[in-house]
Amino acid sequence: AMRVAPVMYPARTLLGGDPGIGKSTILLQAARGLARHGKPVLYVSGEESEAQVKLRASRLGVTDGGIYLMSETSLERILSATGELSPGTLIVDSIQTVFSSDLPGAPGSVGQVRECAARLTFFGKKAGVSVFLVGHVTKEGAIAGPRVEGASCVNVSDVPRREKGRPGRPGRRPGLRRRCSG
C-alpha cells in the first residue's frame, strides 16, 4: 500500500506528465491517504465522468469515505462546491479543462489556464485548502500552461512535478518512489 506523507496546508502542487502515464491514478491513491488524515478530499475531473473516476477508484481499491467526486469544468461551480464542502484537499484533473465564464477565450487558452490556476490557488491559500492541479505536457516535454510575462502554471505551484515513463506501466515510472508497508 502506498503511504502518503502529510501535506503542509495549504500547499499548491502541479503534477504534469505524458498522456496515460498515471497522473490520475497517482492522485486517486494520494486522495485515499489524504482523506485518512481527517479532512475530506474533493476530486474534480474535467475529462472523465464521475462513473469513470469511480470505476478507476474501485479497480485501485480506493473505496474509502472522505473522497468526494465531481465532474465539472466551470471554475465558479468548482469554487462553490469547494466552499460548501470545506475539504482539506482539492484535486483538479486537469487545469486545461477548467474555464471561467468571466474570462474571454476557450478552456485551455492561455488566459483561461493562467487565471483559473491563479484563482484556484488563491482560493486554496485563503481557505486553507491544499490544491493539486494536473497539467498536460507539450510536445517539447514541458508542463503545459501559459508562460506569459513570467507567469505560468509552474509559477503558481509550490511543487511542480513531472512524471516520466511508459504509459500503462504503473509502478515502473523512473523518478517516482513508492513506499510500501510490510
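# Worked exercises on a predicted model

Helix 3 and helix 4 are roughly parallel to each other, a term for angles under 35 degrees, whereas those over 145 count as roughly antiparallel, 65 to 115 as roughly perpendicular and the rest as oblique. This is a predicted model, in which local features need pLDDT of at least 70 and side-chain atom pairs count only at pLDDT 80 or more, while totals for chains, interfaces and linings use all residues. Residues are numbered from 1 along each chain as its sequence is written, and side-chain values use heavy atoms, with hydrogens and water left out.

## Exercise 1: the chain as a whole

Find how many helices and strands the protein chain has, and in which pattern they follow one another.

Solution. Begin with the elements, which are DSSP runs numbered from the N terminus, helices being H or I with at least four residues and strands being E with at least two. The protein chain has four helices and six strands, and reading along the sequence gives the pattern β-α-β-α-β-α-β-α-β-β. Next, turn to burial, where buried means under 20% relative accessible area, exposed means over 50%, and partly exposed lies in between, with a 1.4 Å probe and protein chains only. Of the 182 residues in the protein chain, 43% are buried. Finally, consider contacts, meaning heavy atoms within 4.5 Å: among those in the protein chain with a separation of 6 or more, 73% are between residues 24 or more positions apart.

## Exercise 2: the packing of two helices

Work out at what angle helix 3 and helix 4 pack, and which residues meet.

Solution. The axes are lines fitted to C-alpha atoms, for helices over the stretch in contact, and angles run from 0 to 180 degrees between N-to-C directions. For helix 3 and helix 4 the angle is about 10°, and the axes are 11 Å apart; the two helices are therefore roughly parallel. On the side of helix 3 the residues are Leu75, Glu76, Ile78, Leu79, Thr82 and Gly83, and these meet Cys116, Arg119, Leu120 and Phe123 of helix 4. By character, the residues of this contact divide into six nonpolar, two polar and two charged, where Ala, Val, Leu, Ile, Met, Phe, Trp, Tyr, Cys and Pro count as nonpolar, Asp, Glu, Lys and Arg as charged, and the others, Gly among them, as polar.

## Exercise 3: the nonpolar cores

Identify which elements give two or more residues to the largest nonpolar core.

Solution. A nonpolar core is a set of buried Ala, Val, Leu, Ile, Met, Phe, Trp, Tyr and Cys residues joined through side-chain atoms within 4.5 Å. The largest one has 17 residues, of which Leu90, Ile95, Val98, Leu120 and Leu133 touch the most other members. Two or more residues come from each of strand 2 (41–45), helix 3 (75–85), strand 4 (89–93), helix 4 (110–127) and strand 5 (130–136), and helix 4, with four residues, gives the most. Apart from this core lies another, of 15 residues, including Val41, Val53, Ile67 and Ile91.

## Exercise 4: two residues of helix 4

Decide whether Thr121 is buried or exposed, and then compare the setting of Ala127.

Solution. Thr121 belongs to helix 4 and counts as buried because its relative accessibility is 5%. A polar atom of the Thr121 side chain lies 3.0 Å from the backbone oxygen of Ala118. Ala127 is also in helix 4, but at 44% relative accessible area Ala127 is partly exposed. The C-alpha atom of Ala127 is separated by 8.1 Å from that of Gly83, although the two residues are 44 apart along the chain.

## Exercise 5: backbone features in two loops

Locate the cis peptide bond, and say where the residue with a positive phi of about 55° lies.

Solution. Start from the general expectation: most residues other than glycine have a negative phi, and most peptide bonds are trans. The cis peptide bond joins Asp93 and Ser94, with omega of about 10°, and Ser94 is in the loop between strand 4 and helix 4. The positive phi of about 55° belongs to Ser86, which is not a glycine. Ser86 lies in the loop between helix 3 and strand 4 and, with 38% relative accessibility, counts as partly exposed.

## Exercise 6: contacts of Leu103

List which residues Leu103 touches beyond those up to four places away in sequence.

Solution. Leu103 lies in the loop between strand 4 and helix 4, and the residues in question are Gly111, Gln112, Glu115 and Arg119. For Glu115, twelve residues from Leu103 in sequence, the C-alpha to C-alpha distance is 8.4 Å.

Technical notes. Polar contact = N/O pair within 3.5 Å; in protein donor to acceptor, adjacent residues only side chain to side chain.
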